[in-house]
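Biologist: Could you walk me through this model and show me the reasoning behind the labels you use?
Modeller: Gladly, let's look at it together.

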Amino acid sequence: MRISMNNRMNILYVITAVFLLVLPFIYESRTLLILLTQVFIFAIFAMSYDILLGYTGIVSFGHAMFFGIGAYTIGVFMKRFDPTIPYFLLAVLVTIVLSAVVSFALGLLTLRLKSHFYAMLTLAFSGLFLVLAEKWRTVTYGNDGFTFRIPDLFKDRTDFYLICLVTMIVVFAILRRFTSSPLGRVLQAIRENEQRTESLGYSILHYKVVASVISGVMAGIAGILYSMSLRFVNTSVFTMDITLDALLMTIIGGVGTLVGAIIGAGLIEFAHHWLTELAKVHWIFERWIIFFGIIYILAVMFFPMGIVGTLKKLKLNRSKKEEQKAEEKIAS
């Protein structure tokens, strides 16, 4: 009895998850643990961006505002109150509410715009949050940022690694279910042909706003984990670089594939770590950003649809060839 493609992928996901869960207990490496923790955090952020770009066809240059909301919310709560689990959970709840409200409001205001007009407006709103973080020094301490304590549960690197991993798995499961639901199918129809989807009677704006809210909330959760991993937050969480990271991870891994976002996050984080380590070997690698750009160009050249997207296309082409050969045999 042949195992279906979906079942095979599910088995692969389970094996990978189990391997990552037991990894810190069989291979003790503080550097690898920290690096993988960053991969999990940015994988959540990249998946949240993929809901907009990959599944709805919305390009946003201001996605960092939700990431920053999560980072600052947890930082302010842990700074001003006792670093306990109840206050942590309250900060998570406030992040979810703030991210949902902001993404809902901005969605209603801006999602009527098309293509680059929407992208530039989201960049403008993200800039407003950046200016607010710089000027509201009584709360944010400006560009200098501030350190804060975290609950004891998150202090151990192995425990925090496992928490980030489990969070990533839960987010992946939720978003996978969301994208395969009827609502998710409508979002993909909007991506493919917005006018035709609207002609079928769907309210395009409402579906786009839903996608924006889901994406914003998940980005806020990623911001919480990122800030807690550093135990420090400053205005850099609102910068364009954060959004560009999510964009690159999504494109390299494969637009419209949640697994691609995770793979893209892993590749970029490992490439960044590897290139910065090479700077200690030879001075030429101190300009690691140049080599990073070369890696990105090569990835786009050899995997124009992203790694996962290109592999899916190759598999589809192979299946078509096998079907043609089978039909020829039957005909002969």
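Modeller: This is a predicted model, and a good place to start is Tyr141, which has a relative accessible area of 36%.

Biologist: Why is Tyr141 called partly exposed?
Modeller: Buried would need under 20% relative accessible area and exposed over 50%. Tyr141 has 36%, so it is partly exposed.

Biologist: Where is Tyr141 found, and what is its phi?
Modeller: Tyr141 is in the loop between helix H6 (137–140) and strand S1 (146–147). Its phi is positive, about 60°, although Tyr141 is not a glycine.

Biologist: What makes Arg231 partly exposed?
Modeller: The same kind of check works here. The relative accessibility of Arg231 is 30%, and the class in between runs from the 20% cut-off to the 50% one, so Arg231 counts as partly exposed. Arg231 also has a positive phi, about 55°, without being a glycine, and it lies in the loop between helix H10 (204–230) and strand S2 (232–233).

Biologist: How do you know that helix H2 reaches close to its expected span?
Modeller: The expected span is 1.5 Å times one less than the number of residues. For H2 (residues 30–53), with 24 residues, 34 Å is expected, and the first and last C-alpha atoms are 34 Å apart.

Biologist: And why is H2 called largely enclosed?
Modeller: A residue is buried when its relative accessible area is under 20%. In H2, 20 of the 24 residues are buried, so the helix is largely enclosed by the rest of the structure.

Biologist: Which elements give two or more residues to the nonpolar patch on the surface?
Modeller: The patch includes Val14, Phe19, Tyr27 and Val170, and its residues have about 1000 Å² of accessible area together. Helix H1 (5–26) and helix H7 (157–180) each give two or more residues, and H1 gives the most, with 7.

Biologist: What makes Val170 fit the patch rule on accessibility?
Modeller: Patch residues need over 30% relative accessible area. Val170, in helix H7, has 42%, so it passes that cut-off and also counts as partly exposed.

Biologist: Which stretches does UniProt list as "transmembrane region"?
Modeller: The unreviewed UniProt entry lists several, among them residues 87–109 and 246–268. In the model, residues 87–109 are 100% helix and 0% strand, with end C-alpha atoms 32 Å apart. Residues 246–268 are 83% helix and 0% strand, and their end C-alpha atoms are 10 Å apart.

Note on methods
Residues are numbered from 1 along each chain as its sequence is written. This is a predicted model: local features need pLDDT of at least 70, side-chain atom pairs count only at pLDDT 80 or more; totals for chains, interfaces and linings use all residues. Side-chain values use heavy atoms; hydrogens and water are left out. Helices (H or I, at least four residues) and strands (E, at least two) are DSSP runs, numbered from the N terminus. Buried means under 20% relative accessible area, exposed over 50%, partly exposed in between (1.4 Å probe, protein chains only). UniProt positions are given in the numbering used here, feature names are shortened, and annotations may be inferred rather than shown by experiment. Patches are made of residues with over 30% relative accessible area and no salt bridge: like charges are joined within 9 Å, nonpolar side chains (Val, Leu, Ile, Met, Phe, Trp, Tyr) within 5 Å. Accessible areas come from the Shrake-Rupley method with a 1.4 Å probe; for residues, only the protein chains shown count as cover. A salt bridge is a side-chain nitrogen of Lys or Arg within 4 Å of a carboxyl oxygen of Asp or Glu.
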